[in-house]
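Work through these exercises with the coordinates open. Try each task before reading its solution.

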Amino acid sequence: MIWCTAFGSFTNNQTLSRGGSTAALGTLEFELRYERSSSELHCTVLRAKGLKPMDFNGLSDPYVKLHLLPGACKANKLKTKTIRNSLNPVWNETLTYVGITEEDMHRRTLRLTVCDEDKLTHNELIGESRVPLKRVKPDQTKHFHTCLEHPPPMPSPTAMGEALRGISCYLREWENEQLHSLEERGRLLLSLQFLPPLSLEDKDVEGGGGGEGRRSGGLCVGVKRCAHLAAMDVNGFSDPYVKIYLKPDIQKKSKHKTTVMKKTLNPEFNEEFFYEIPLAELANKTLEVTVWDYDLGRSNDFIGGVSLSCHSQGDALRHWMDCLKNKGRRVERWHILTNELPQTLSHD
């Protein structure tokens, strides 16, 4: 009996898991901690033991990759360093996801994949472990010691018997839905604040009696930072900037742009933009925020975007409603950037 503890769980080494014995792949030890105040998920990869040899010398060159499921992509991949010539590597390395919401913690799964690095050929998979993030309580560190497993096999309809044809059709439909689903392109930290109109006394104080400064109410949009953006350039980075529109925009005057940050997937902007608009009109508007990769001499690449309005869903709707209901209060929230490009936007 091989015990793989994650607060009391275990796996029998005689049980075949996803096509093979888990005992031959090794074990992985790690810790997870979710910081609610900073929206950060910390994964400390501690060590692996008894890994399967992948090289001719009877050893391996292991490293660990992290992906968030569903929607695994390069934008949410994190990776440890490689330990050379070892079947019992010790990393003690902390990898951090930024912009993880409580909704992510309830619906997503963290996949940890142990691979063998090979500079001459393709890197080889040793085994993986998956943890539903709902098992991690906010602001508490949870320790895991798991048996590595083989990844799930791809379904092959030709290899299925007559009794499994219905399941095969269902799997094909599910795969088609996944192909057409939105791809995650990174995270965006946005602040919204509706500033009510200034009273006469406030105007005198702010403008020194001269009537200068903000006079009417309006929406203040703060573009704080992005995290884990998709790499759009061949060097593995992007040159990101952010555009915002408040629509409908009949007079074509609502566009604002941040500065361009060079060669980064985690840019910090800390820029604010103000729209002078009454609260009653703002309730009928849509704030479109898009992130782009700047390219000199050719069209800029769309990275991802998010729309906030009374017709949005999830975090976007909650953020917009919190802003409308709490005049004068600054509300910050992380948003998932998707590959859906609003039809009304151009590439400028």
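Strands, labelled E, are DSSP runs of at least two residues, numbered from the N terminus. The model is predicted.

**Exercise 1. Find the cis peptide bonds that precede Pro70 and Pro248, and place both prolines.**

Step 1. Read omega from Leu69 to Pro70. The value is near -5 degrees, and the bond is cis.

Step 2. Place Pro70. The residue sits in the loop that joins strand E5 (62–69) to strand E6 (78–79).

Step 3. Repeat for Lys247 to Pro248. Omega is near 5 degrees, and this bond is cis.

Step 4. Place Pro248. Its loop runs between strand E13 (240–247) and strand E14 (256–257).

**Exercise 2. Examine the positive phi values of Asp139 and Asn270. Is Asn270 buried or exposed?**

Step 1. Take Asp139. Phi is near 60 degrees, and the residue is not a glycine.

Step 2. Locate Asp139. The loop between strand E9 (124–132) and E10 holds this residue. Its relative accessible area is 38%, so Asp139 is partly exposed.

Step 3. Take Asn270. Here phi is about 55 degrees, again positive without the residue being a glycine.

Step 4. Locate Asn270. The residue belongs to strand E15 (residues 268–276). The cut-off for exposed is over 50%. Asn270 has a relative accessible area of 55%, so it is exposed.

**Exercise 3. Describe helix H5: its span, then its buried side.**

Step 1. Count residues. H5 covers residues 314–325, which is twelve residues.

Step 2. Compare spans. From first C-alpha to last, H5 reaches 17 Å. The expected value, at 1.5 Å a residue, is 16 Å, and the two are close.

Step 3. List the buried residues of H5. They are Asp315, Ala316, His319, Trp320, Cys323 and Leu324. These residues lie on the same side of H5, because their arc around the axis is only 170 degrees.

Step 4. Recall the general rule. An α-helix has 3.6 residues a turn, so residues three or four places apart point the same way.

**Exercise 4. Trace the salt bridges of Arg333. Which residues join Arg333 in one network?**

Step 1. Start with Asp315. Its side chain meets that of Arg333 in a salt bridge, at 3.4 Å from N to O. This pair ties helix H5 to strand E18 (residues 331–338), across 18 residues.

Step 2. Check burial. Asp315 is buried at 15% relative accessible area. Arg333 is partly exposed at 23%.

Step 3. Add Asp322. Its closest approach to Arg333, N to O, is 3.7 Å, and the pair forms a salt bridge. Asp322 lies in helix H5 and Arg333 in strand E18, eleven residues apart. At 26% relative accessibility, Asp322 is partly exposed.

Step 4. Follow shared partners. Salt bridges join Arg333, Asp315 and Asp322 with Glu103, Asp104, Arg107, Arg108, Glu184, Arg187 and Arg318 in one network.

**Exercise 5. Count the salt bridges in the whole structure, then analyse the pair Glu29 and Arg47.**

Step 1. Search the whole structure. The total is 19 salt bridges.

Step 2. Inspect Glu29 and Arg47. Their side chains form a salt bridge, 3.0 Å from N to O. The partners are 18 residues apart, with Glu29 in strand E3 (residues 27–35) and Arg47 in strand E4 (residues 40–49).

Step 3. Check burial. Glu29 is buried, with a relative accessible area of 13%. Arg47 is partly exposed, at 24%.

**Exercise 6. Characterise the surroundings of Lys142 and Thr113.**

Step 1. Place Lys142. Strand E10 (residues 141–147) contains this residue. Buried means under 20% relative accessible area. Lys142 has 17%, so it is buried.

Step 2. Look for neighbours of Lys142. A polar atom of its side chain lies 3.4 Å from the backbone oxygen of Arg135. Tyr34 is 108 residues away in sequence, yet the C-alpha distance is 9.4 Å.

Step 3. Move to Thr113 in strand E8 (residues 109–116). Its relative accessible area is 6%, so Thr113 is buried.

Step 4. List the contacts of Thr113, leaving aside neighbours within four places in sequence. They are Tyr63, Val64, Lys65, Leu125, Gly127 and Glu128.

**Exercise 7. How many disulfides does the structure have?**

Step 1. Apply the cut-off: two cysteine sulfur atoms within 2.5 Å.

Step 2. Count. The result is zero disulfides.

Step 3. Check two cysteines for burial. Cys43 is buried at 2% relative accessibility, and Cys115 is buried at 5%.

Notes: Residues numbered from 1 in each chain as written. Predicted model: local features only at pLDDT ≥ 70, side-chain atom pairs only at ≥ 80, totals over all residues. Heavy atoms only, no water. Helix = DSSP H or I, 4+ residues; strand = E, 2+ residues; numbered from the N terminus. Expected span 1.5 Å × (residues − 1). Buried < 20%, exposed > 50% of the residue type's maximum accessible area, 1.4 Å probe, protein only. Arc of directions from axis to C-beta. Contact = heavy atoms within 4.5 Å. Salt bridge = Lys/Arg side-chain N within 4 Å of Asp/Glu carboxyl O. Polar contact = N/O pair within 3.5 Å; in protein donor to acceptor, adjacent residues only side chain to side chain.
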